[in-house]
Every structure is written in structure tokens, then in C-alpha cells.
Amino acid sequence: MMETVKLNIDNREVEVQKGTTILKAAKELGIEIPTLCYMHLHDLNIENKPGGCRICVAEVQGRRNLAPTCSTKCEEGMVVKTHTTRVLNARRTVMEFILSDHPKDCLICPKSGTCELQDMAHRLGIREIPGQEYAEVSTYRKDTSPSIIRELDKCIMCRRCETMCNDVQTVGALSAINRGFMATVAPAFEQNLEHSTCTYCGQCVAVCPTGALTEVNHVPQVLRALADPSKTVIVQTAPAVRAALGEEFGMPAGTLVTGKMAAALRSLGFDYVFDTDFAADLTIMEEGTELLDRLGRHLKGDSSARIPILTSCCPGWVNFFEHYFPDLKDVPSTAKSPQQMFGAIAKTYFADKIGVNRKDLVVVSIMPCLAKKYECQRDEFSVDNNPDVDFSISTRELATFIKQANIDLNNLQDEDFDAPLGESTGAGVIFGATGGVIEAACRTAYELYTGKKLERLDFTELRGMEGVREATLDFDGTPIRIGIAHGLGNARKLLDDVRSGTSTFHAIEVMACPGGCIGGGGQPLHHGNSDIIKARATAIYAEDRKKPLRKSHENPFIIKLYEEFLGKPNSEKAHHLLHTHYFDKKKKIIVKQ
Amino acid sequence: MSTIKIELREQDVAKIREICASFNNDPQELINVLHKCQQHFGYLPAEVQEVVSAELTVPVAKIYGVVTFYSFFTMTPKGKYPVSICMGTACYVRGAEKVLDEFRKELGIQVGETTKDGKFSLSSLRCVGACGLAPVVLVGEKTYGRVAPDDVKGILKDYEQ
Ligand code: SF4
Ligand code: SF4
Ligand code: FES
Ligand code: FES
């Protein structure tokens with residue numbers, strides 16, 4: 001039996017497990033003590049607990065100093081008061097201190113309205129900041145990378161980003177530097193993020209409570225394209241967007257807004273409203289075929305067949321292995337991400353179909369992801385300086401775009417995607433959640449490998465939120481070993497095994513973001529509540545169940561695309577348009593002679 | 001995102017590797033490793049930090065964080081003649097700050113910096129145990145006592161040629 005302790009918080013008794021913090025015990029009583037630096041994504045096992053800001057203090061009887069409740073453990077018989085005059089004054093002082101050097105340009109800050117610091121000032125009723133006459137407001141140069149903007153004058157040193165980048169992602173692009181007033185978070189030698197090993201996963205952006213870390217805003221460019229009569233503008237929406245966009249409009253987490261989103265995009269003026277899920281089905285055809293080819297050769301004893309095969313549809317993950325595992329760059333599938341497959345098909349097959357020159361066709365993607373902004377700017381994904389995907393905007397950017405256009409998402413009638421690049425199967429939808437890509441691949445690979453019909457479509461053994469999962473599937477007598485990792489730190493564990501030759505998997509799915517794309521760096525902010533991410537996953541699987549077709553190779557428009565244009569999966573044409581290659585980005589130590 | 005290339009001389013890289021190896025390449029020993037490296041090179045340029053990062057498998061951002069957190073680490077090379085002014089209590093009350101100001105003015109640099117020609121660098125110290133001579137200035141190994149702001153020009157003259 002677990003040992004428990006009894007204590008009294010705000011005149012109410014509570015019994016909690018030994019080791020529980022006062023903050024959590026209070027929560028059990030429904031008392032929400034304010035926090036700023038603390039963050040706990042419970043289901044994903046991610047905790048940031050620097051105990052630095054002291055907003056969460058409370059009075060503990062018998063102690064002289066106020067206790068930070070996020071890091072103080074409950075003890076038997078403790079008497080805690082969370083809102084005495086002394087506590088409220090202390091909180092106010094802490095807040096005034098944090099605000100004293102913080103820039104005051106809230107009106108035009110990209111985080112305005114979703115900023116936790118702003119909310120806290122509001123919640124604590126701060127109406128003046130004493131000492132402003134002589135306080136020095138912090139300054140730091142602005143750093144803009146292809147995906148992320150750093151405005152570190154707005155940093156409050158909660159160090160959540162450092163936790164994400166170092167402990168969760170094991171990238172280590174960001175670290176706290178300097179001390180005192182000069183303290184901030186930066187890449188090595190305060191270089192630009194672009195010159196660091198950053199993967200653009202965006203997890204630092206997803207947790208930053210203030211406007212210090214935000215995404216590069218591409219809405220103005222999209223607006224300009226839509227206003228240009230010489231351009232045909234088409235849009236693709238990633239699977240995870242439909243499961244989260246509603247949150248920005250006050251709907252509960254896990255509300256699917258697929259039809260409303262399509263209606264909103266049409267109303268914004270896009271000429272064709274398409275779906276990245278279509279390209280996800282296409283990815284399965286290409287990646288699945290590659291998997292079966294390598295697997296088949298491997299099972300026949302061909303030692304040149306590289307096993308395991310790794311998924312390659314997550315651009316944050318691609319950046320990661322290019323930086324840290326370039327020696328293994330022939331292990332991942334060469335299939336492009338769905339975003340880029342879509343762009344490549346849109347600007348060839350579809351452009352021809354509607355008789356538009358690729359230069360006059362603008363492809364916009366709506367993504368839960370910030371790495372996609374960088375991905376679509378990669379040189380290898382453009383033809384004569386014309387990118388396959390022109391602009392990638394995040395779920396959050398789409399929400400502000402819809403609001404700017406005074407479209408009332410809540411009251412829109414559902415509409416459908418356009419054909420032909422808007423049709424998808426359930427397999428395409430589940431790309432949005434961790435384990436979904438490999439599940440989709442297995443649905444198709446099973447049928448192609450065994451020649452039999454798959455009876456049970458739901459591979460529930462591949463689903464869930466544990467960081468590393470494994471399962472063995474029965475391909476009609478052949479056991480197929482599957483590994484799944486989400487979060488780059490978890491991916492690193494599986495990759496280390498591949499490097500050392502001890503990995504026993506046939507295929508591994510990797511997603512850079514905890515939870516998969518539904519937890520992406522471009523999604524509505526979860527503010528530390530991992531229930532939101534779980535609800536999105538549930539929504540994704542619900543959408544899959546509703547689909548009449550749930551296997552990628554049964555998508556009639558995919559079949560047609562191969563018949564009319566690509567030939568077979570992994571054909572020469574498919575290779576040229578739908579596959580890519582990777583680069584060695586590891587730092588080199590060159591010795592001067 | 002370009003590949004970052006580091007250029008160091010072979011013996012320098014070998015020395016850093018040797019220092020890291022003497023601490024079993026243990027990431028926990030980062031501060032000690034940096035100490036030894038600074039002893040050897042006189043300062044911790046970015047390139048040295050990159051090699052330490054590769055050897056200890058600690059992200060270079062973390063190393064830079066440590067180097068900028070502790071004031072005894074420096075990324076600027078010391079001048080040929082490092083000038084240190086004692087800021088201990090005795091020296092301070094006898095006007096060390098004015099002396100420091102004069103050095104700043106004469107050399108055109110701040111504490112922690114080095115002159116462009118690499119000749120002088122400026123730092124401040126805690127009590128050096130020569131309170132009887134306060135205020136005290138050290139230039140390299142040489143000690144100057146009872147220094148007044150007017151003496152500063154003369155002291156610097158000793159190192160001209
Ligand atoms: S985007 Fe990801 S890799 Fe880059 S700094 Fe943020 S957390 Fe680190
Ligand atoms: S940049 Fe944002 S997340 Fe990182 S320490 Fe500063 S306030 Fe916190
Ligand atoms: S929330 Fe507890 S110290 Fe910041
Ligand atoms: S205070 Fe300067 S030598 Fe003691």
C-alpha cells in the first residue's frame with residue numbers, strides 16, 4: 001500500500017500520497033494555485049520544475065519563509081494557506097519584479113491573448129509596476145530562422161524551452177546562459193538558431209509562456225497570393241489540424257472540425273481545398289512498397305537490404321538524424337513527407353490537369369508543425385526556384401487568419417474537400433497521432449504481402465502514449481517487429497540500438513513531437529494540459545472509424561493517380577517526384593595543418 | 001543550416017582530448033575539464049568548447065551556458081600584460097575604483113576585455129593580501145602599491161616598446 005499523508009489546505013482536509021507536492025494536493029481540492037515556470041504534461045511524462053519564479057508560494061504554518069508549492073512536498077499535519085494577505089502581497093511583488101524589465105508592447109505581441117504572463121498579470125490584478133522610472137527594460141536582438149522567431153527580451157527564464165530541447169528532445173540547441181539580469185536562453189555562442197543543431201520541432205515554442213519564442217508568420221504572404229488574380233491558390237490541410245483547430249474557437253479539445261475547416265478555407269478564397277491526407281495515402285503506397293521490398297529481400301537473406309526501415313514523414317525527425325545520425329542516413333525510407341508529396345503532385349499532375357503553369361500555382365499547407373516551414377524551403381524541394389509548397393502555416397496561424405476574416409467557424413455548415421487531391425482513407429487520417437503512420441502502413445503492407453484481406457483494421461497494440469512502444473504483428477505466419485517512438489529523446493534510444501546493431505525491429509515509426517503531430521509545435525497551445533493531446537488522438541481515431549475506406553491502397557483517386565500518371569509505386573517517375581535524399585549535417589572538426 | 005567547421009591545430013585538439021580523457025570523458029566533470037582547458041589555453045574560445053562538446057557528448061549550448069555563468073571562465077584571450085586592480089575593502093576605500101577608471105580610460109577597454117593589439121587586458125580582483133600597500137595593481141607578475149590615478153600613465157609606460 002502507498003503511504004499517505006493528511007494535511008489541511010485553506011481550512012480543508014486532504015489525504016494524498018506521500019511525495020505529492022502542495023500544488024497537486026491543492027488541485028485535488030479544486031484549489032488552483034497560480035504557477036508560471038512550472039509545467040507538467042502528465043501523460044507524456046514531461047515535467048519542468050525549476051522552482052524559480054515563486055508565483056506559486058503559500059504560507060505553511062510553522063515555517064518562516066513562504067513555500068513554493070510546485071516543489072514543496074506535503075507532510076503529515078501540515079497547515080497551508082494559499083491566499084493570505086502575505087501570500088497575495090508576495091505574489092504581487094514577484095509579478096511586479098518579473099514585469100519590471102519586461103517589454104510592454106502587449107498590444108502588438110504575437111502571443112497577445114494566449115500569453116501566460118499576460119494572463120497572470122490579469123489574474124493578479126496588476127495595475128501598476130512600481131519603479132518604472134528607473135527600471136531598465138531588457139533588450140535582446142531578434143533572431144529569425146526559417147521556422148521560429150526568438151525575441152528573448154520577453155523571456156522570463158522559466159526554462160521550459162530548455163527542458164523540452166534538452167531533456168525531452170535531447171537536441172540541446174538551447175541552454176540558459178549568463179546570470180542575473182543578463183540571464184537568457186540561447187544557442188551556443190548566441191549564434192542564430194539557424195546555425196545551431198535545432199530541428200525546428202517547435203516544442204520550445206509550444207511551451208513558452210510568453211512571446212519570447214513564436215513561429216514565423218506566413219499569413220501575409222498567403223493573403224497576398226489570394227488577392228492576386230493571376231494566381232491559382234490551393235490549400236492542403238494536415239490530419240492533425242482538424243482535431244485541434246476548434247480549440248481556438250472555444251470548442252472542447254477533441255472536437256473534429258473537418259467540414260467546418262473546409263468551409264472556412266473555401267470562404268477565405270482558396271481556389272481548391274485539398275487534403276494532405278490524400279498525400280498521406282500516397283506516402284503509404286511509396287513507403288509501404290519500399291518496406292515490403294526491403295523486408296522481402298531481408299527475409300530472403302539479402303544482407304544489402306537495410307532493416308529496420310524508418311519512417312521519414314516527419315521533417316523534425318529528418319533534421320534530427322541529419323544532425324545526429326548521418327551515418328545512418330540510408331536507413332530511413334526515402335519517401336518524402338506527405339506535405340512535399342502533395343506539393344510535387346499538385347505542381348505537376350494537377351497543374352497539367354487544370355492547365356496552369358506551376359509558377360502561377362500557389363500551394364499553401366496548413367500544418368500542426370513548425371518544421372514544415374523549414375522543410376518547404378529546402379532547395380531540393382523546388383524546381384527552377386519555384387517551391388513545390390510555397391507557404392506552410394500553422395494551425396494557430398490559420399485560426400488567426402479565420403478570425404481576421406470574421407468567419408464564424410462555430411456556425412459554418414460542413415463542406416467537403418475538392419476532388420481529386422482531397423479524397424483520403426482512414427489510414428491517411430491516423431497519420432496525425434503517434435503510431436498512426438505505421439498502423440496505416442501495416443494495413444496496406446499486410447494485404448500486399450499476404451494477398452489476404454485484413455480482417456481487423458484497428459491495430460490497437462500500436463496506439464497509446466508511452467514514449468517508446470513495440471509490438472509484433474502476425475503477417476500470416478511471418479512475425480513483423482514494429483517499434484514506435486515519439487519525442488526525439490525516445491527516437492534517440494531506438495537509433496542508438498540501430499547504430500550498435502542490436503535493434504531487432506523490422507520497421508520503426510518516429511515522430512519528433514510528443515503525441516505525434518497532434519502535439520505539434522504549431523498546434524493550439526496546450527498550456528501544460530496533456531489531456532488536450534489525448535483528446536485530439538481520440539478524435540483522430542474516431543474520424544478513421546467513420547471513413548468508408550480505411551486502407552490507403554483502396555483510395556480510388558490514388559489508384560487513378562498511378563494509372564494516369566505515376567505508373568507503379570516506386571516507379572522511376574514516382575522516385576523522381578516522391579522520394580528524396582538526406583544530408584550529413586554533423587559538425588566537423590577540421591584540423592589545421 | 002550549414003555545417004559548422006572548426007579549425008584548430010592538431011596539437012590543440014590532442015591536448016583537449018587528453019584533458020577530457022583524464023576525466024574519463026565524464027559529462028559530470030565538465031567544469032573541471034573547462035578549468036584545465038582554460039589553464040592550458042588561457043581562455044576558452046568557441047572552438048575549444050566545440051571539441052569538449054564532442055568528447056564529453058554535452059551539447060555545446062550547455063557548455064557555453066556554463067562558461068557564461070561562471071565569471072572565472074573567459075572567452076577572450078588575456079593580453080600580453082594582464083592588468084588586475086584589487087577591489088578588496090582596503091584598496092577600495094583608498095580609491096581603487098578611481099584607479100580602475102583611469103585604466104579604463106587610458107586603455108579604452110572595460111573589465112574583462114583586451115586591447116585590440118592584444119597587449120593589455122583588464123580585470124579586477126578580491127584582496128590580494130597586500131592591504132598595507134593599498135590600493136594595489138598587478139601587471140603580470142609585477143605588483144605596484146599605493147597607486148594613485150595619476151600613476152596610471154607611468155605604469156603603462158613601463159610596458160611600451
Ligand atoms: S525547435 Fe526543437 S530543436 Fe529547435 S530549439 Fe526548439 S525544442 Fe530545440
Ligand atoms: S524563452 Fe520562453 S520558455 Fe524559454 S525560458 Fe524564456 S520564457 Fe521560458
Ligand atoms: S511555479 Fe512554482 S516556482 Fe514557478
Ligand atoms: S584589499 Fe587590496 S590588497 Fe587587501
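Me: What does buried mean here, and how much of chain A is buried?

Reply: Buried means under 20% relative accessible area. The model is a predicted one. In chain A, buried residues account for 61% of the 593 residues.

Me: What makes A:Ile393 a buried residue?

Reply: Its relative accessible area is 0%. The cut-off is under 20%. A:Ile393 therefore counts as buried. The residue sits in strand β19 (residues 391-394) of chain A.

Me: Which residues are in contact with A:Ile393, leaving aside its neighbours within four places in sequence?

Reply: Contact requires heavy atoms within 4.5 Å. A:His218, A:Val219, A:Val222, A:Ser365, A:Ile366, A:Met367, A:Lys373 and A:Leu398 are in contact with A:Ile393. A:Gly522 is 129 residues away in sequence, yet the C-alpha atoms of A:Ile393 and A:Gly522 are 8.3 Å apart.

Me: Why is A:Asn178 called buried?

Reply: Its relative accessibility is 18%. The limit is under 20%, so A:Asn178 falls on the buried side. The residue lies in the loop between β10 (175-177) and β11 (184-186) of chain A. Phi of A:Asn178 is positive, near 60°, and the residue is not glycine.

Me: Is A:Asp476 buried, exposed or partly exposed, and what is its relative accessible area?

Reply: A:Asp476 has a relative accessible area of 41%. Buried needs under 20% and exposed needs over 50%. The value lies in between, so A:Asp476 is partly exposed. Its place is the loop between β20 (468-475) and β21 (478-486) of chain A. Phi of A:Asp476 is also positive, near 50°.

Me: Why is helix α4 of chain A described as largely enclosed?

Reply: Helix α4 covers residues 160-168, and 8 of its 9 residues are buried, so the rest of the structure largely encloses it. Among the buried residues are A:Arg160, A:Glu162, A:Met164 and A:Val168. Just after the helix, A:Thr170 has a positive phi of about 50°.

Me: What makes chain A as compact as a globular protein of that length?

Reply: Chain A has 18 helices and 23 strands. Its radius of gyration is 25 Å, close to the 25 Å of the globule rule for 593 residues, so chain A is as compact as a globular protein of that length. Its C-alpha atoms fill a box of roughly 75 × 70 × 60 Å along the principal axes. Of the contacts between residues at least 6 apart in sequence, 73% join residues at least 24 apart.

Me: How many residues of chain A are in contact with chain B, and which three supply 28% of the area that chain A buries there?

Reply: 33 residues of chain A are in contact with 26 residues of chain B. The two chains bury about 2500 Å² between them, with 61% of it on carbon and sulfur atoms. A:Phe189, A:Lys587 and A:Ile589 supply 28% of the area chain A buries against chain B, more than any other three residues.

Me: How do the residues of the shell around ligand 2 divide by class?

Reply: They divide into 10 nonpolar, 1 polar and 1 charged. Cys counts as nonpolar, and Arg as charged. Including A:Cys155, A:Cys158, A:Arg159, A:Cys161 and A:Cys208, these residues surround ligand 2. Around ligand 1, the shell has 8 nonpolar, 2 polar and no charged residues.

Me: What is the peptide bond from A:Ile307 to A:Pro308, cis or trans?

Reply: The bond is cis, with omega near 0°. A:Pro308 lies in the loop between α8 (276-299) and β15 (309-310) of chain A.

Key: Residues are numbered from 1 along each chain as its sequence is written. Chains are lettered from A and ligands numbered from 1 in the order in which they are written. This is a predicted model: local features need pLDDT of at least 70, side-chain atom pairs count only at pLDDT 80 or more; totals for chains, interfaces and linings use all residues. Side-chain values use heavy atoms; hydrogens and water are left out. A residue is near a molecule or strand if one of its heavy atoms lies within 4 Å of it. Helices (H or I, at least four residues) and strands (E, at least two) are DSSP runs, numbered from the N terminus. The radius of gyration is taken over C-alpha atoms; the globule rule is 2.2 Å times the number of residues to the power 0.38. Buried means under 20% relative accessible area, exposed over 50%, partly exposed in between (1.4 Å probe, protein chains only). Buried area is the accessible area (1.4 Å probe) that two parts lose on being put together, summed over both.
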